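Please open the structure in your viewer and keep the sequence beside it, so that each residue can be selected as the tour reaches it.

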Amino acid sequence: MRGRPQYPAPAVEWVVAHLPGDGESVADIGAGTGALTMPLAERKIPVIAVEPVKAMIERCPAGPHRLRAAAGRLPFRNGALSGIVAATAFHWFAATDVLREFHRCLVDDAPMILLWNERDLRVPWVAEHNALVEPYAGDTPRFATMRWKAVVDAFPGFAEKAYAEFPNPSPTNRQGLVDRILSTSFIAALSPAEREQVRQRAAALAGALPQSFDYPYLTRIWCYRRR
């Protein structure tokens, strides 16, 4: 997706280190076009891309196994998975019934790893980006609200075991910043007139930056264990 960051190699290695090394299947839930699926597959993790949107899963490279399915209705038998990952996705389906489904599919003590790329708001112009889009967010599910974490913490079947974060400076340019802002789900859903207003403000923000620059993201990762 235009303007979206990938995951830095140290973050992917951290995920791999917290997955089991027994060769059993790991499901990437909400895999999208494979932004995490492919780095895991390249590291010989037996990963299955699971994504409900046909147009997205069809864009995921054909190397890993691909399944079109929703997080709350996984096509796996009980205890079939030795790990679950969800990359910049879990906030969309953070619910107790989904966690029950994850719990059903995982073997005991298996990891559930949740990760996101977050804008580094300590940088002034990034805070401006945030201030530009936040008024339009409404009740759209988002990582930043941390509501997803309250759902996980309240579920007795998983315990938090580890946390890490990694700098993720992502090369982009002025147009890339505009594309990133316009691709935000609740911005893309605006009327054409409202989107044009946002585009103009985004272009003004981008115009004050160098032609090419790094967008300062942080990749934040939580590892839970099935109990």
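Begin by selecting H91, which has a relative accessibility of 12% and therefore counts as buried, since the cut-off for buried is under 20%. Bear in mind as you look that this is a predicted model. If you follow the chain to either side, you will see that H91 sits in the loop that runs between strand 4 (83-87) and helix 4 (96-105). Now show the side chains here, and look for the polar contact, at 3.1 Å, between the side chain of H91 and that of W92. Which residues is H91 in contact with, once its neighbours within four places in sequence are left aside? Select W116, P141, R142, F143 and W148, for these are the residues in contact with H91 on that count.

Next, move to F76, which is placed in the loop between strand 3 (65-67) and strand 4. Is F76 buried or exposed? With a relative accessibility of 11%, F76 counts as buried. Add C105 to the selection: although 29 residues separate F76 and C105 in sequence, their C-alpha atoms are 6.2 Å apart in space. C105 is also one of the residues in contact with F76 when neighbours within four places in sequence are left aside, and the others to select are A27, I48, V50, L67, L81 and R104.

The third stop is A203, which you will find in helix 9 (residues 192-207). A203 has a relative accessibility of 32% and so counts as partly exposed, a class that lies between the 20% and 50% cut-offs. Select F102 as well and draw a line between the two C-alpha atoms, which are 42 Å apart in space, while the two residues are 101 apart in sequence.

Finally, zoom out until the whole protein is in view, and colour it by secondary structure to pick out its 9 helices and 7 strands. The radius of gyration is 18 Å, close to the 17 Å that the globule rule gives for 227 residues, so the protein is as compact as a globular protein of that length. Turning the C-alpha trace along its principal axes, you can follow a span of about 50 × 35 × 35 Å. Of the 227 residues, 51% count as buried. Among contacts between residues at least 6 apart in sequence, 79% join residues that are at least 24 apart. If you then switch on the surface, its accessible area comes to about 10,900 Å², and 52% of this belongs to carbon and sulfur atoms. Colouring by charge brings out 27 positive and 23 negative side chains, and the centres of these two sets lie 3 Å apart.

Definitions and conventions. Residues are numbered from 1 along each chain as its sequence is written. This is a predicted model: local features need pLDDT of at least 70, side-chain atom pairs count only at pLDDT 80 or more; totals for chains, interfaces and linings use all residues. Side-chain values use heavy atoms; hydrogens and water are left out. Helices (H or I, at least four residues) and strands (E, at least two) are DSSP runs, numbered from the N terminus. The radius of gyration is taken over C-alpha atoms; the globule rule is 2.2 Å times the number of residues to the power 0.38. Buried means under 20% relative accessible area, exposed over 50%, partly exposed in between (1.4 Å probe, protein chains only). Contact means heavy atoms within 4.5 Å. Accessible areas come from the Shrake-Rupley method with a 1.4 Å probe; for residues, only the protein chains shown count as cover. Lys and Arg count as positive and Asp and Glu as negative; His and the chain ends are not counted. The place of a charge is taken as NZ of Lys, CZ of Arg, CG of Asp or CD of Glu. A polar contact is a pair of N or O atoms within 3.5 Å; within protein, one must be able to donate a hydrogen and the other to accept it, and residues adjacent in sequence count only if both atoms are side-chain atoms.
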